[in-house]
Amino acid sequence: MVEIAPSMLGADFGSMRKDAESVASESGYLHMDVMDGHFVPNLTMGSDLVKSLKGIAPLDVHLMITNPCDFIDDFAEAGAEIISVHIEAKDSEKALRLIRKKGIKSGIAINPSTPEEAIYPIVENADMIVVMSVEPGYCGQSFHESSVQRVKNYKEKYPNKLIEVDGGVSIKNSKQLIDAGADILVAGSAIFNSDNPLLTIQTMKES
Ligand code: DX5
Ligand code: ZN
């Protein structure tokens with residue numbers, strides 16, 4: 001069954017705990033977007049903020065940072081259940097190994113503009129593939145349709161790995177993505193900007 005992971009970047013930072021608690025009952029994970037203002041042109045959250053949500057739902061940490069190896073210890077300590085790093089970042093293979101060494105699930109994320117094959121040489125070190133369906137950096141961008149085919153291709157090639165889709169996911173494309181083989185759907189604005197976040201999550205799951 002597909003799991004939904006609300007992206008806390010779409011929540012209200014002033015009431016993040018409350019927002020997290022309000023969606024937890026229907027959420028497989030809370031997706032935490034970590035940005036360093038260098039790998040992407042935006043700054044978001046660090047390990048202390050991630051830690052503050054520990055225990056509400058399992059934490060899925062998405063590192064959009066240039067030097068992920070320097071921060072694996074901090075996010076492991078913060079209580080992450082999954083940590084993903086980008087293929088476009090520095091030493092991503094080493095980072096995947098460090099994550100697994102901590103007993104945490106490792107994810108390799110890939111931008112829409114990066115060729116699909118770029119992950120092949122190191123994917124054996126990853127438990128999950130994160131198909132980015134927007135260029136990373138911001139919430140609320142529109143979904144790249146080509147991601148659906150990418151999900152299909154990866155699922156066919158790596159049936160035992162989890163496939164997560166991140167960016168522009170909503171009830172408009174959730175069925176397509178589930179049919180293509182997605183295991184985890186991340187959604188920020190579609191959930192937190194809706195009138196009924198829990199119902200939106202349920203609708204995505206059942207699509
Ligand atoms: C984009 C982030 C996404 C984003 C999702 O850089 O990695 O997780 O917060 O937000 P929506 O669902 O609004 O695209
Ligand atoms: Zn993300």
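**Packing around the helices and strands of a predicted model**

Val-85 touches quite a crowd once residues up to four places away in sequence are set aside: Leu-63, Pro-68, Ile-72, Ser-92, Ala-95, Leu-96, Ile-99, Gly-107, Ile-108 and Ala-109. The structure here is a predicted model, not an experimental one. Val-85 itself sits in strand 4, and with a relative accessible area of 0% it counts as buried. One of its contacts, Pro-68, is 17 residues away in sequence, and the two C-alpha atoms are 6.6 Å apart.

Four names in that contact list, Ser-92, Ala-95, Leu-96 and Ile-99, turn up again in helix 4. This helix runs over residues 92-101, and those four residues are buried in it. Around the helix axis they cover an arc of only 100 degrees, which puts them on the same side of helix 4. What they pack against includes strand 4 (80-86), along with helix 3 (72-77) and strand 5 (105-110). The face turned away from the buried side is another story: there helix 4 carries Lys-94 and Lys-101, both exposed.

The stretches on either side of helix 4 have their own backbone details. Ahead of the helix, Asp-91 is found in the loop that links strand 4 to helix 4. Its phi is near 50 degrees, a positive value in a residue other than glycine. At 44% relative accessible area, Asp-91 is partly exposed. After the helix comes Gly-103, and here too phi is positive, near 80 degrees.

Strand 6 offers a second buried spot to look at. Met-128 belongs to this strand, which covers residues 128-132, and its relative accessible area is 0%, so it is buried. With neighbours within four places in sequence left aside, Met-128 is in contact with Asp-60, Ile-82, Ser-84, Ser-106, Gly-107, Ile-108, Leu-162, Glu-164 and Ile-184. Gly-107 and Ile-108 are among the contacts of Val-85 as well. As for Leu-162, it is 34 residues from Met-128 along the chain, yet the C-alpha atoms of the pair are separated by 4.4 Å.

Helix 5 (residues 147-157) packs onto some of these strands. Its buried residues are Ser-147, Val-148, Arg-150, Val-151, Tyr-154 and Lys-155. They span an arc of only 160 degrees around the axis, and that places them on the same side of helix 5. It is worth noting that Arg-150 and Lys-155 are on this buried list. The partners that the buried residues of helix 5 pack against are strand 5, strand 6, strand 7 (162-166) and helix 6 (174-180).

Closer to the start of the chain, helix 1 (residues 16-23) has Met-16, Asp-19, Ala-20 and Val-23 buried. Looking down the axis of helix 1, the buried residues fall within an arc of 100 degrees, so they line one face of the helix. Their cover includes strand 1 (3-6), strand 2 (30-35) and helix 2 (47-51), and also helix 7 (189-192) and helix 8 (197-206).

Helix 8 also holds Glu-206. This residue has 68% relative accessibility and so counts as exposed. Ser-174 lies 32 residues from Glu-206 in sequence, and in space the two are 9.1 Å apart, C-alpha to C-alpha.

Now for the chain as a whole. It has eight helices and eight strands. Its radius of gyration is 15 Å, close to the 17 Å given by the globule rule for 207 residues, so the chain is as compact as a globular protein of that length. The C-alpha trace spans about 40 × 35 × 30 Å along its principal axes. Of the 207 residues, 56% are buried. Among contacts between residues at least 6 apart in sequence, 60% join residues at least 24 apart; the pairing of Met-128 with Leu-162 is one of the contacts described above. The accessible surface comes to about 9,100 Å², and carbon and sulfur atoms account for 47% of it. As to charge, the chain has 19 positive and 30 negative charges, and the mean positions of the two sets are 5 Å apart.

Notes: Residues numbered from 1 in each chain as written. Chains lettered and ligands numbered in written order. Predicted model: local features only at pLDDT ≥ 70, side-chain atom pairs only at ≥ 80, totals over all residues. Heavy atoms only, no water. Buried < 20%, exposed > 50% of the residue type's maximum accessible area, 1.4 Å probe, protein only. Helix = DSSP H or I, 4+ residues; strand = E, 2+ residues; numbered from the N terminus. Arc of directions from axis to C-beta. Contact = heavy atoms within 4.5 Å. Rg over C-alpha atoms; globule rule 2.2 N^0.38 Å. Areas by Shrake-Rupley, 256 points an atom, 1.4 Å probe, with all protein chains shown as cover. Lys, Arg positive; Asp, Glu negative; His and termini not counted. Charge placed at Lys NZ, Arg CZ, Asp CG, Glu CD.
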